[in-house]
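Please open the model in your viewer and keep the selection tool at hand. We will go from stop to stop, with something to pick at each one.

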Amino acid sequence: MHMSTENDFIDKSSFFYSSLTLNNEFQNFEEFISWFDQKNRDESFVVNEIPFSELDQWYFTENKRSIVHKSGKFFRIEGLHVSTNFGDVKEWEQPIINQPEIGILGILTKVINGVRYFLMQAKMEPGNINILQLSPTVQATKSNFSRVHKGKSPAYLEYFTDSSKSKVLIDQLQTEQGGRFLKKRNRNIVIEVSSTIKLLPEFRWLTLGEIKKLLLIDNFVNMDARSVISTIPLVDDPVIQKLQNESLEVGMEVDQFRLSGFSIELLNSVFKNKGYRTKDEIISWYTSQKVNYEISAKVISLAELNSWTITEQNIFKNNRFFSVIAVQVIAGTREVTSWTQPLIKDLNIGLLGFVLKKINGILHFLVQAKVEPGNIDTIELSPSISCSNLDYLKSNKKVRPCFFEYFDGSREIEILYNALQSEEGGRFYHLQNRNMLVLINEDELNELPSNFIWMTLNQIMDFMKDGMFNIEARSLISSINFTVIDV
């Protein structure tokens, strides 16, 4: 069956159509890659690790209790004592980033000649593993857009602070990494504009389909962009109504794009309300998890951290865990062109993965209720597996999390997505996680630990609106693509 865009099947301004099309009237995909590569080569950007004593504007407070900025803004590095009844480790201490400000992660979207585009930025961050990564239109902490650093205001910020200039399509508070941040959230927002936008040198218009294709490339689309992209509806309501009346077939074409069998399974998981669990059952399960699990996270002095050592160069425990370092940054295209700051450093690659399987003919995702020390509400919904230091887990069977065997290459399964993705380079130095989606047989995992549940993609997107899914889950959801694409 061929579905042509000559009829009214798909509105080209829809999110769904933009997630399919690679047709960009401003440049083709190869030209964009060449532009991005050239920006990388042209970028005058240097990051060097320095001793803590060489930090400018940052300092240890009395008795090394915390690392703070002279302004009292931005963020603090503090110690945390944690105790919980969740998981195998019941008590520990660690450094954590305390950044109570709510930042803006925003993408401008515009319908141009009938096609929806998204304004994306080639942005450097000091912790990026490859200098530039594709970022939202605006990516700024409150201290940044309040110009505490006395630098330039972020480009296009006015569209996100003045409602008269734009129309809000998506506006959600979403959390950051609960294992590294203490109760941190950002405003994830998609704004539609109709006026003419002056295109600055670091920005380009892309379709959602192009962004999805870039998500197949290791460390190209940054964490903040992935977070915002995950909130965009996978299928618009008018398209759902039409698709529900269509007989979806493998090889079916939408415009010039071919739908695979997995694409159709994903579509069915979005618009067919036949989940293994009802919404009320999921809410009841989620509530029971919050009742069953507890966590106490008390801020303490960095100097009091058990098993952690503070040196002139870093704060560390051992090679299995992250450390805290200081860096000096020279960056020609940022609001401030040079500065120093602390960063969380972890060269060990982590693993984030969803297990998928069909239940009663509908594709489901295995979702975990997970407790982390920085969570705002004790429990957040997480991927099937979310762990740090993949190499350590491969060589130490006793500490492996549930379902690790579906991701370590020891079983023959269908891998649907597999890419390395960086964590936010403004706070993390070269931190990467392997992001994976794997498909298992229908007769597997019929019995689950109590903190796991099967959910359809429709249910995931519904609960995500309320900020219940963590950044690790959202990173994976952002990668979902309905078309067959070769990179």
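What follows is a short walk through this predicted model, from its open space to its buried parts.

**Stop 1: the largest pocket**

Begin by selecting Lys 370, Glu 372, Ser 386, Cys 387 and Ser 388, the residues nearest the centre of the largest pocket. The full lining runs to 48 residues, and the space inside comes to about 1,600 Å³. Now colour the elements that each give at least two residues to this lining: strand 6 (91-98), strand 21 (350-359), strand 22 (362-371), strand 24 (385-387), helix 10 (390-395) and strand 27 (432-439). If you colour the lining by class, you should find 21 nonpolar, 15 polar and 12 charged residues.

**Stop 2: helix 12**

Next, select residues 471-478, which make up helix 12. Is this helix largely enclosed or open? Because 8 of its 8 residues are buried, helix 12 is largely enclosed by the rest of the structure. The buried set consists of Ile 471, Glu 472, Ala 473, Arg 474, Ser 475, Leu 476, Ile 477 and Ser 478, so charged side chains are part of it as well.

Stay in helix 12 and centre on Leu 476. Its relative accessibility is 0%, so Leu 476 counts as buried. Which residues does Leu 476 touch, leaving aside neighbours within four places in sequence? Show Leu 352, Gly 353, Phe 354, Pro 383, Asn 435, Met 436 and Leu 437 to see these contacts. For a sense of scale, draw a line from the C-alpha atom of Leu 476 to that of Gly 425: the two are 18 Å apart in space and 51 residues apart along the chain.

**Stop 3: Glu 423 and its partners**

Now select Glu 423 and Arg 226, whose side chains form a salt bridge with an N to O distance of 3.7 Å. Glu 423 sits in the loop between strand 25 (414-422) and strand 26 (428-429), while Arg 226 belongs to helix 6 (residues 223-231), so the pair ties together parts 197 residues apart in sequence. Are these two residues buried or exposed? Glu 423 counts as buried at 6% relative accessibility, and Arg 226 counts as buried at 1%.

Add Gln 177, which lies in the loop between strand 11 (167-175) and strand 12 (185-192). The side chains of Gln 177 and Glu 423 make a polar contact at 2.7 Å. Gln 177 is buried too, with a relative accessible area of 5%. Apart from residues up to four places away in sequence, Gln 177 touches Met 223, Glu 423, Glu 424, Phe 428, Ile 471 and Glu 472. Two of these names, Ile 471 and Glu 472, bring you back to helix 12.

**Stop 4: more salt bridges**

How many salt bridges does the structure hold? There are 12, and two others deserve a look. Select Glu 265 and Lys 358, where the closest N and O atoms are 3.2 Å apart. Glu 265 is in helix 8 (residues 261-271) and Lys 358 in strand 21, so this pair ties together parts 93 residues apart in sequence. Lys 358 is partly exposed, with a relative accessible area of 25%.

Then move to Asp 408 and Arg 400, whose closest N and O atoms are 3.9 Å apart. Asp 408 counts as partly exposed at 21% relative accessibility, and Arg 400 is partly exposed at 25%.

**Stop 5: two positive phi angles**

Select Thr 378, in the loop between strand 22 and strand 23 (379-382). Its phi is near 65°, a positive value in a residue other than glycine. Leu 445, in the loop between strand 27 and strand 28 (452-455), also has a positive phi, near 50°. Most residues other than glycine have a negative phi. Thr 378 counts as partly exposed at 21% relative accessibility, whereas Leu 445 counts as buried at 15%.

**Stop 6: the enclosed cavities**

Finish with the 2 cavities of 30 Å³ or more. The largest holds about 60 Å³, and its lining includes Phe 15, Leu 208, Ile 229 and Phe 482. Helix 1 (15-20) and helix 5 (208-214) each supply at least two of its lining residues. By class, that lining has 8 nonpolar, 1 polar and 1 charged.

The second largest cavity holds about 40 Å³. Gln 177 from Stop 3 is one of its lining residues, along with others including Phe 181, Lys 183 and Glu 380. Here the lining has 2 nonpolar, 5 polar and 4 charged residues.

Definitions and conventions. Residues numbered from 1 in each chain as written. Predicted model: local features only at pLDDT ≥ 70, side-chain atom pairs only at ≥ 80, totals over all residues. Heavy atoms only, no water. 1 Å grid on protein atoms, 1.4 Å probe; cavity = no way out; pocket = protein on both sides within 12 Å on 5 of 7 lines; lining within 4 Å. Points joined across faces, edges and corners; volume = space filled by probe spheres on them. Helix = DSSP H or I, 4+ residues; strand = E, 2+ residues; numbered from the N terminus. Buried < 20%, exposed > 50% of the residue type's maximum accessible area, 1.4 Å probe, protein only. Salt bridge = Lys/Arg side-chain N within 4 Å of Asp/Glu carboxyl O. Contact = heavy atoms within 4.5 Å. Polar contact = N/O pair within 3.5 Å; in protein donor to acceptor, adjacent residues only side chain to side chain.
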